[in-house]
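Trainee: I would like to learn how to read a structure feature by feature. Could you give me the general idea each time and then the case at hand?

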Amino acid sequence: MVPLSYYLLLSGILFVCGVLGFLIKRNIITIFMSIELMLNGVNLSFVAFAAHWHALSGQVFVFFVMVVAAAEAAVGLAIIIAVYRTRETLNVDQVNLLKL
Amino acid sequence: MAGAVNLLVQSHPINSALSLIAVMASLAAEYLLLGAEFVAAVQVIVYAGAIMVLFVITIMLLNAGKEERTKGSRVATLLGIPGVLIGAVLVAWTLLNRSNMQTVPIGALKGDPSDIARLLFRDFLLPFEVTSVLILIAIMGAVVLASRPEPVARGPRKDA
């Protein structure tokens, strides 16, 4: 028997790690991985709540989140490749074409 | 999970990717403990399999090296860490105070693939189909984005 709040705490820690990585990291691929980490943290809380309320809908929703994450990863990495081809860099500070 | 922290500490992206794989694997074990076998299997296949292979291939394709510290990254660090820490403390405080510490029995959930399939294909049929269309669009978008821009002249020119 594990308290529900432990799962939620772990999920929160994962999410906060993702937010921190998103803010701190300058490498665009690592930023992308931080987003995946955030999605994983949310998934964990979904499954924990599904187990708590004995509802399978939470697991179905985790499935949908994973599908969307896969689509997002495919498109995002394609964008990264396109950016690297034109800018020759992976540092987000140097991708500043839209700045004034 | 130490893997998540390791993801932040490592400066080389390939090390971050490996620690992210560790996080995925331990999360799959966590789902198994919760009794959600289907979700655990999908986690291993989709995340640790497909998405991480995409990441690693991109890292190797782009020959990503160590990231360098810049002025913007220092500003983001100075502003980001206190804000995130405040948020984390708030969330933890709320969780530990407000929750009545209900317990989740290990393996309590009937995570049978057959039950999930019944739910997925009967009650959630429309979202399921919509995600398939989304995946299709994403694949086409990825191919279009990652393909090299075509040379302008293709085939015999009219004016030449």
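**Reading a two-chain model**

Trainee: In chain A, what share of the contacts with a separation of 6 or more is made by residues 24 or more positions apart?

Mentor: A contact means heavy atoms within 4.5 Å, and in chain A residues 24 or more positions apart account for 52% of the contacts with a separation of 6 or more. For chain B, 63% of the contacts between residues at least 6 apart in sequence join residues at least 24 apart. Please keep in mind that this is a predicted model, in which local features need pLDDT of at least 70 and side-chain atom pairs count only at pLDDT 80 or more, while totals for chains, interfaces and linings use all residues. Residues are numbered from 1 along each chain as its sequence is written, chains are lettered from A and ligands numbered from 1 in the order in which they are written, and side-chain values use heavy atoms, with hydrogens and water left out.

Trainee: Which secondary structure elements does each chain have?

Mentor: Helices (H or I, at least four residues) and strands (E, at least two) are DSSP runs, numbered from the N terminus. Chain A has three helices and one strand, in the order β-α-α-α along the sequence, whereas chain B has six helices and one strand, which run α-α-α-α-β-α-α from the N terminus on.

Trainee: How is burial read, and what percentage of the residues in each chain counts as buried?

Mentor: Buried means under 20% relative accessible area, exposed over 50%, and partly exposed in between, with a 1.4 Å probe and protein chains only. On that scale 57% of the 100 residues of chain A count as buried, and 30% of the 160 residues of chain B do.

Trainee: Why does Gln43(B) count as buried, and which residues is it in contact with?

Mentor: Gln43(B), found in helix H3 (residues 37–62) of chain B, counts as buried because its relative accessibility is 0%. Leaving aside neighbours within four places in sequence, Gln43(B) is in contact with residues of chain A, namely Asn40(A) and Met66(A), and with residues of chain B, including Met24(B), Leu27(B) and Tyr31(B).

Trainee: Why do Leu20(A) and His52(A) count as buried, and how far apart are their C-alpha atoms?

Mentor: Leu20(A), in helix H1 of chain A, is counted as buried because its relative accessibility is 15%. His52(A), in helix H2 (residues 28–53) of chain A, is buried because its relative accessible area is 13%. These two residues are 32 apart along the chain and their C-alpha atoms are separated by 29 Å, while Leu20(A) and Ser34(A), 14 residues apart in sequence, are 8.1 Å apart, C-alpha to C-alpha.

Trainee: How is empty space found, and how much of it lies in the largest pocket?

Mentor: Rolling a probe the size of a water molecule over the atoms shows where empty space is left. A pocket is an open set of points on a 1 Å grid over the protein atoms alone, where a 1.4 Å probe fits, with protein on both sides within 12 Å along at least five of seven lines, and lining residues have an atom within 4 Å of a point. Here the largest pocket holds about 250 Å³ of space, and of the 15 residues that line it, the closest to its centre are Gly12(A), Ile13(A), Val16(A), Ala88(B) and Val91(B). Helix H1 (4–24) of chain A and helix H4 (71–98) of chain B each supply at least two residues of the lining, and H1(A) gives the most, with eight residues.

Technical notes
Points joined across faces, edges and corners; volume = space filled by probe spheres on them.
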